Amino acid sequence: MKNELITSVKATFTETFKNQPAHIFMSPGRINIIGEHVDYNDGYVLPAAIDKYVCFAMTTHESDECTIVAKDLNDSITFSINDEVKPHEKMWVNFFFGVLHQIKEKTPLSGFHIVFSSDVPMGAGLSSSAALECGFAFALSKLYNLELSKEEIALIGQKAEHTFVGVNCGIMDQFASVFGKEDHVILLDCNTLKYEYHKADFKEYALLLLDSKVKHTHLTSGYNDRRREVEEGLALIKTTYPDVKSFRDVTEYMVTAIENELGPVNFKRCLFVVKEIKRVLDAVKAIEAHDFEKLGALMFETHQGLSQNYEVSCEEIDFLVDMVANDANVIGSRMMGGGFGGCSINLVKKEAVDNIIEKVSAAYKEKYNIDLEAYKVAISEGTTIYKDEHASI
Ligand code: GAF
């Protein structure tokens, strides 16, 4: 898959610009084992980069002309590097402009040609947008010798999302895309950005993603609403408990004690956050102890919380999780990512993966008349420059 993607992007580049691309960059999507909607709440998350990528073929040149070709969308944009960079009506352009805007503030750039294509499914909760933003920032850093650190690249990606895309996301997706390490999950402390890698060896179990094909169109509004609700909740908690600095200091007892003040909605949201932060740390212990039954049970708990308390799941994803909940071959399942559609992530006995796909696909088709897509993902390296005979960095 990876090689086919690179070959096709290079071919389009050569056809469009009549020369070979100077460099190829690969920027991966991500999964998240556990720790959902807690990255913007100073919690911990446990993501990993996967073997699905946005591939960029790129060359810089002396003139001011910039052209970006979105191969999969059959679209392109041409502009001068000296133009003011403003939010654009086309969303895909904003992933680039949000980054370019910040980099141009740091340093003058010359023009460039880019072709990009992706096998990270869009709107499936696998962070195709973070892969785009971070891959582009990484490419600019390499090509113009900006020497941005990985952390700076992730933060630039996140800021692009806030300022040009309109989603007030946390740092998890960008961090996972940039810091990904083959066969490892990343325990990230979203408060300090300290992180550690843990071997992602689930022994007899495999990770399986089931894509509901429900595109999370409510993500922008729903996501920003959730952020506002928990910020309001935390502000109230702090008035009662002045020592509380962030959700990390909040206990279930505290939330429950001021349930009436919080009101029913913010109470549920805050309770979820406090429980989810704890679940991540329990999940890491379970992984270290090879207690995958425990890990799976935590994943199911997360799903219940996301569905009922945080209310970011949807009927179709709930169906996918319910379908496997009583199957002995599936020890964990939950919605993954921002929600309102996208994928479920499942921990499945390796030998049963194909049967599970068959069984769930048939039931899903019958219920919703949607052809489910299943991804057997491998955990991969973060954003990289692809070295081949044409690479010169
Ligand atoms: C989206 C956001 F971009 C992340 O920052 C994170 O909050 C996630 O939803 C939910 O865990 O992917």
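This briefing walks through a sheet, a pair of helices and one lysine in the structure above. Keep in mind that the model is predicted. The sheet is open and built from four strands, and helices α9 and α11 both feature in its surroundings. Elsewhere, helices α3 and α4 cross each other, and K10 in helix α1 gives us a single residue to look at.

**The sheet**

- Reading across the sheet, the strands come in the order β10-β11-β9-β12, and their pairing is antiparallel.
- Strands β10 (330-335) and β12 (373-375) sit at the edges, so to find them, look for strands that pair on one side only.
- From one strand to the next, the twist averages 20 degrees.
- Look next at β9 (residues 205-211) and β11 (residues 343-349), which are joined by seven bridges in the antiparallel sense.
- To spot this pairing in the model, start at Y205, which stands opposite K349 in β11.

**Helices against the sheet**

- Helix α9 (residues 292-309) packs on the sheet and touches β9, β10 and β11.
- The direction of α9 makes about 30 degrees with that of β10.
- Helix α11 (residues 353-368) lies across β9, β10, β11 and β12.
- Compared with the direction of β9, helix α11 runs at about 20 degrees.

**Where α3 meets α4**

- Helix α3 covers residues 128-143 and helix α4 covers residues 150-165; their axes come within 9 Å and cross at roughly 125 degrees.
- Because of that angle, α3 counts as oblique to α4.
- The crossing of α3 past α4 is right-handed.
- On the α3 side, the residues that meet α4 are S129, A130, E133, C134, A137, F138 and S141.
- Their partners in α4 are I153, A154, I156, G157, A160, E161 and V165.
- Sorted by class, this contact has nine nonpolar, three polar and two charged residues.

**A look at K10**

- You can find K10 in helix α1, which spans residues 2-17.
- Is K10 buried or exposed? K10 is partly exposed, because 19 other C-beta atoms lie within 10 Å, while a buried residue would have 20 or more.
- K10 and A57 are 47 residues apart in sequence, yet their C-alpha atoms are 6.2 Å apart in space.
- Setting aside neighbours within four places in sequence, K10 is in contact with P21, I24 and A57.

Note on methods. Residues are numbered from 1 along each chain as its sequence is written. This is a predicted model: local features need pLDDT of at least 70, side-chain atom pairs count only at pLDDT 80 or more; totals for chains, interfaces and linings use all residues. Two strands pair if DSSP finds at least two bridges between them. Helices (H or I, at least four residues) and strands (E, at least two) are DSSP runs, numbered from the N terminus. Axes are lines fitted to C-alpha atoms, for helices over the stretch in contact, and angles run from 0 to 180 degrees between N-to-C directions. Two residues are in contact if their C-beta atoms, placed from the backbone, lie within 7 Å. Angles under 35 degrees count as roughly parallel, over 145 as roughly antiparallel, 65 to 115 as roughly perpendicular and the rest as oblique. A crossing is left-handed if the near helix is turned anticlockwise from the far one by less than a right angle, and right-handed if clockwise. Ala, Val, Leu, Ile, Met, Phe, Trp, Tyr, Cys and Pro count as nonpolar, Asp, Glu, Lys and Arg as charged, and the others, Gly among them, as polar. A residue is buried if 20 or more other C-beta atoms lie within 10 Å of its own, exposed if 12 or fewer, and partly exposed in between; C-beta atoms are placed from the backbone.
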